[in-house]
Amino acid sequence: MLENGIPHKYFKEVLEIDKTSKTGLRWKKRENATGNFNTLFAGKEAGFVQIFGSNKYHIVKVGYKGRAVNFPAHRIVMILSNKKIDGKIVKHKDGDGLNNSLSNLEVCTQSEFLSGRKIQNNNHSGFKNVVKVSENKFVAQFSMNGKKHYVGYFDTGKKANSAVLAKRKQLSIA
């Protein structure tokens with residue numbers, strides 16, 4: 001298994017889960033380390049905080065075969081825990097991008113991740129999957145697993161939302 005071109009096995013060779021670390025990760029001592037890696041890093045907390053918009057995440061820079069790649073620490077925690085994450089998203093259950101404890105992380109699809117999001121602040125209908133197109137016209141639609149589901153036009157946001165919920169239930173994806 002690879003994560004951005006780096007084998008999962010390599011992450012297990014150089015990092016370990018550490019519940020006392022802010023990032024959840026600590027650098028391991030490397031037997032065949034080149035240069036002064038062990039002196040500088042072995043036994044120390046791995047990673048740094050990076051801000052993406054209004055979200056903060058722990059990032060770990062991992063060097064492999066002459067290149068360095070930044071990885072979200074929560075993905076590495078899941079790799080080290082032998083969780084299958086290929087092509088999936090690792091979500092923080094409590095919404096805190098700095099909480100990388102294993103009990104706070106779960107693997108989900110893009111659709112599952114987006115369905116759990118809060119209503120965006122630029123949403124004028126007041127409902128997820130409902131778009132206000134004019135004063136008394138609302139469109140109900142949603143996407144699931146790459147397929148768009150059009151539900152219809154409604155004269156209130158509440159009716160459009162009810163229709164979305166009914167359609168999702170009908171499709172057994174509520």
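In this predicted model, the charged end of Lys137 sits over the ring of Tyr153, at 5.6 Å from the ring centre. A second contact of this kind involves Arg168, whose charged end lies over the ring of Phe142 at 5.1 Å from its centre.

Tyr153 also takes part in an aromatic pair with Tyr150: the ring centres are 6.3 Å apart and the planes stand at 65 degrees, so the pair is edge-to-face. The count of aromatic pairs comes to five. Tyr150 has a relative accessible area of 48% and is therefore partly exposed.

**The sheet and helix H5**

Three strands make up an open sheet, with the order E10-E11-E12 and antiparallel pairing. Strand E10 (130-134) and strand E12 (147-154) are the edge strands; each has a single partner, so one side of each has no neighbour in the sheet. From one strand to the next, the twist averages 25 degrees. Strand E11, residues 137-144, runs antiparallel to E12 and is joined to E12 by seven bridges. Within this part of the model, Ser143 is placed opposite Lys148 of E12. Helix H5, residues 157-170, lies across E10, E11 and E12 and runs at about 25 degrees to E11.

**Salt bridges**

The structure contains three salt bridges. They are listed here with the distance between N and O.

| Basic residue | Acidic residue | N to O distance |
|---|---|---|
| Arg26 | Asp18 | 2.3 Å |
| Lys91 | Glu106 | 3.3 Å |
| Lys159 | Asp155 | 3.2 Å |

Are the partners Asp18 and Arg26 buried or exposed? Both Asp18 and Arg26 are buried.

Lys91 and Glu106 form a salt bridge in which the closest N and O atoms are 3.3 Å apart. This pair connects distant parts of the chain, with Lys91 in strand E8 (residues 89-92) and Glu106 in strand E9 (residues 105-108), 15 residues apart. Glu106 has 29% relative accessibility and so counts as partly exposed.

In the salt bridge between Lys159 and Asp155, Lys159 has a relative accessible area of 45% and is therefore partly exposed. Asp155, at 41% relative accessibility, counts as partly exposed.

Methods. Residues are numbered from 1 along each chain as its sequence is written. This is a predicted model: local features need pLDDT of at least 70, side-chain atom pairs count only at pLDDT 80 or more; totals for chains, interfaces and linings use all residues. Side-chain values use heavy atoms; hydrogens and water are left out. Two strands pair if DSSP finds at least two bridges between them. Helices (H or I, at least four residues) and strands (E, at least two) are DSSP runs, numbered from the N terminus. Axes are lines fitted to C-alpha atoms, for helices over the stretch in contact, and angles run from 0 to 180 degrees between N-to-C directions. Contact means heavy atoms within 4.5 Å. A salt bridge is a side-chain nitrogen of Lys or Arg within 4 Å of a carboxyl oxygen of Asp or Glu. Buried means under 20% relative accessible area, exposed over 50%, partly exposed in between (1.4 Å probe, protein chains only). Rings of Phe, Tyr and Trp (its six-membered ring) pair if their centres lie within 6.5 Å; planes under 30 degrees apart count as stacked, over 60 as edge-to-face and the rest as tilted. A charge sits over a ring if NZ of Lys or CZ of Arg is within 6 Å of the ring centre and within 35 degrees of the ring normal.
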